[in-house]
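Trainee: I would like to look closely at a single part here, and to understand what surrounds it before I turn to the rest.

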Amino acid sequence: MNTTFKYIVFLLTGIISYSCVDDGKETFVLPDTTPSVGTGSYIKTGSSADYVVITTSEGHSVNVPSHSIPPTISGDDGTVTFSIEFEDDLPLPLPDCLELKSRVMKIEPFNFIFTYPLTIKFPLGNLNPSEVFVYYYNGGSNEWEYIPYSGFDSDRSGTIASFRLGYFILAENKCNTDPLGGYRLIHPASDNGQYFYTVSFSYEGEGWNKGFRIYNPIARTLPKANGTPESYTYIPYLPEGWYWMEIAREKRNSINSAPEYIEYLTIWNQEDVSNFSGEYFRELSSPNPYYNMPEFEGWKDLIFHEDVSWLRGRPDYWPAYTPTYGTGRFQATLTWINSYNNITDYDLHLYGPDGLNVYFANKRSGVFELDRDWISEIGEAVENIYSTNNQLPKGEYTVKVNHYSGVSGKEFNCRVLLDGRVVATKRSSIERGGNMETIYQFNIE
C-alpha cells in the first residue's frame with residue numbers, strides 16, 4: 001500500500017490579480033495567430049500529441065501541453081475542440097467579500113479533466129495584483145474557488161494552472177487586509193532543466209478564509225520563451241493557514257514535446273526538504289518584478305535533497321482524466337453535475353431530415369452518433385452527439401435537451417459546434433420532467 005505524502009505547512013504573508021475584457025459576443029473562427037480585431041468566441045481544435053494555444057485579442061490564452069488531451073476509450077489519439085467566450089451573467093452570485101472586476105471567461109469543454117494541467121493566462125493591465133484575484137466556479141460545490149497564480153510575465157499578465165476548464169473571473173477581495181505569502185520550489189540541479197513540476201495543495205480548514213475559498217488548487221512550473229521549464233515553481237498568494245502539499249513532476253524537454261514519464265512523491269519526511277520546518281522564513285523580493293512591488297516577508301524557499309525518492313506513474317491524487325469523446329463537422333455536448341441526493345437525468349437529442357432522432361435509444365443513425373450517454377450516476381455528467389464524417393444530409397436539424405427524470409431545475413450547459421464555429425453555448429435548466437428545450441436549429445443545403 002502506498003502512503004501518500006501529506007505534509008502540513010504553515011504560511012505567513014503575499015499578493016494577486018485580473019483585468020477587464022471586451023464587449024460584444026460575435027462568433028468567428030480563431031485562426032492560428034491571434035486576431036487583430038474582434039471579440040466573442042475563439043475556437044481551436046487539437047489532438048493528443050499537439051501543443052495547443054488558444055489566444056484572444058485581449059491577451060487571454062489557454063495553453064495545452066503536448067499529450068494533455070486524453071486518448072479515446074479505445075486508446076486512439078483524442079481530439080478536442082476548445083472555445084473561449086466572454087459573458088456578462090455570472091453562473092452564481094459572488095459572496096459579499098468579492099467585487100467583480102471582469103466579464104466571465106467561459107472556457108470549454110466543460111466536465112472534462114485533462115491528463116496534465118493546462119495553464120490559463122489573464123491580462124492584468126493596470127490592476128493592482130495585491131487586490132484582485134482569479135476565481136473558478138465549481139458547479140459541484142456551487143461555490144467560487146480561489147486559484148493562485150503560478151507566475152507573471154513581462155506583458156503584465158498572470159497565469160494559473162488547472163486540470164479542468166469552465167467559468168473564470170477576476171474579482172477584488174474586499175475582506176482580506178492581511179498580507180499574503182507563498183512558497184518557491186527550487187528544482188534540483190540534477191533536473192538539467194527537463195522537469196515540469198505540479199504542486200497540489202489544500203487548505204487545512206473549511207469554508208471561506210477572508211474571501212479565499214481554497215479547494216485543492218495546483219501550481220505548475222511555467223515554460224520559458226523557448227518552451228523549456230523554469231528552474232523553480234511558485235506556490236504564491238495564499239492566506240495565512242495550514243496546507244497539505246503533494247508534488248509530481250513530468251520529464252519533458254519542452255512544453256510542446258511528449259513527456260518521457262511522470263513521477264510523484266508518496267512520503268515526505270522533514271529530511272527530504274531543507275528549511276521546510278517553518279523555523280526559517282527567507283525574505284525574498286517580489287516574485288513579480290513587473291509591478292515594482294516592495295520586498296516583503298513570508299515567502300519561503302523549498303529545496304529538494306538530491307536523494308528524494310520518486311514513484312513512477314500518474315499520481316492517484318490527481319483527478320482521473322476523461323476519455324476523449326467524438327468531434328467532427330457537427331458536435332453537440334451536454335454537461336451537468338449530479339451529486340448525492342441531487343440527481344437529474346437529462347438526455348441530448350438531435351432531430352433531422354427523414355425522421356432522424358439520435359438519442360439514448362437510437363445512438364447511431366446515418367453519419368451521427370451518440371457516443372457518451374449519462375444516466376443517473378453521481379459526478380460530472382456528459383452526453384455527446386457528433387458527425388462521423390463531413391457529408392451531412394441536406395435538411396433542417398434541431399438540437400434539444402430533454403428532462404427525462406430526477407431533480408427539476410438543475411442547471412446544464414450545452415455547446416453546439418458546426419463547421420469550425422461555436423454556433424450555440426447555452427446555460428439553462430428545465431423545471432418539469434418530460435419537458436424539452438430547444439438549444440439550436442440549423443439547415444444544411
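Which residue in β13 is the bridge partner of Phe133? Please take me through that strand and its surroundings with care.

Mentor: The bridge partner of Phe133 in β13 is Ala171. Before building on that, keep in mind that this is a predicted model, in which local features need pLDDT of at least 70 and side-chain atom pairs count only at pLDDT 80 or more, while totals for chains, interfaces and linings use all residues. Residues are numbered from 1 along each chain as its sequence is written, and side-chain values use heavy atoms, with hydrogens and water left out.

As a setting for the strand, the chain has zero helices and 32 strands, where helices (H or I, at least four residues) and strands (E, at least two) are DSSP runs numbered from the N terminus. Of its 445 residues, 56% count as buried, a word that stands for under 20% relative accessible area, with exposed meaning over 50% and partly exposed the range in between (1.4 Å probe, protein chains only). When contacts with a separation of 6 or more are considered, 74% of them are between residues 24 or more positions apart, a contact being heavy atoms within 4.5 Å.

Now to the strand itself. β13 spans 167–173, and seven of its seven residues are buried. Tyr167, Ile169, Ala171 and Asn173 point one way, whereas Phe168, Leu170 and Glu172 point the other way, and both sets are buried. In a regular strand the side chains alternate between the two faces of the sheet.

The partners of β13 come next, taking two strands to pair if DSSP finds at least two bridges between them. β9 and β13 run antiparallel and are joined by five bridges, one of which is the match of Phe133 with Ala171 that you asked about. Strand β7 (residues 104–108) also runs antiparallel to β13, with two bridges between them, and here Met105 has Phe168 as its bridge partner. The pairing with β6 is antiparallel as well and covers three bridges, with Leu98 matched to Asn173.

Phe168 brings in the packing, since it is one of the residues that touch the most other members of the largest nonpolar core, a set of 64 residues; the others named with it are Val62, Phe82, Ile120, Tyr135 and Ile235. Strand β9 (residues 132–138) gives the most to this core, with six residues. A nonpolar core is a set of buried Ala, Val, Leu, Ile, Met, Phe, Trp, Tyr and Cys residues joined through side-chain atoms within 4.5 Å. Another core of 29 residues lies apart from it and includes Leu350, Phe368, Phe412 and Leu418. In soluble globular proteins, nonpolar side chains tend to be buried together.

Just past the end of β13, two neighbouring residues make links of their own. A search of the whole structure finds one disulfide, a disulfide being a pair of cysteine sulfur atoms within 2.5 Å. This disulfide joins Cys97 to Cys175, with an S to S distance of 1.8 Å, and the link is left-handed, with -95 degrees about the S-S bond. Cys97 sits in the loop between β5 (79–87) and β6, and Cys175 in the loop between β13 and β14, 78 residues apart, which makes this a link between distant parts of the chain. Cys97 counts as buried at 19% relative accessibility, whereas Cys175 is partly exposed at 33%.

Beside that disulfide in sequence, Lys174 meets Glu99 in a salt bridge at 3.4 Å, N to O. Lys174 lies in the loop between β13 and β14 (181–186) and Glu99 in strand β6 (residues 98–100), so the pair ties together parts that are 75 residues apart in sequence. Both ends are partly exposed, Lys174 at 46% and Glu99 at 33%. A salt bridge here is a side-chain nitrogen of Lys or Arg within 4 Å of a carboxyl oxygen of Asp or Glu, and the whole structure holds 19 of them. For contrast, the salt bridge of Glu250 with Arg252, at 3.2 Å between the closest N and O atoms, has buried ends, with a relative accessible area of 0% for Glu250 and 0% for Arg252.
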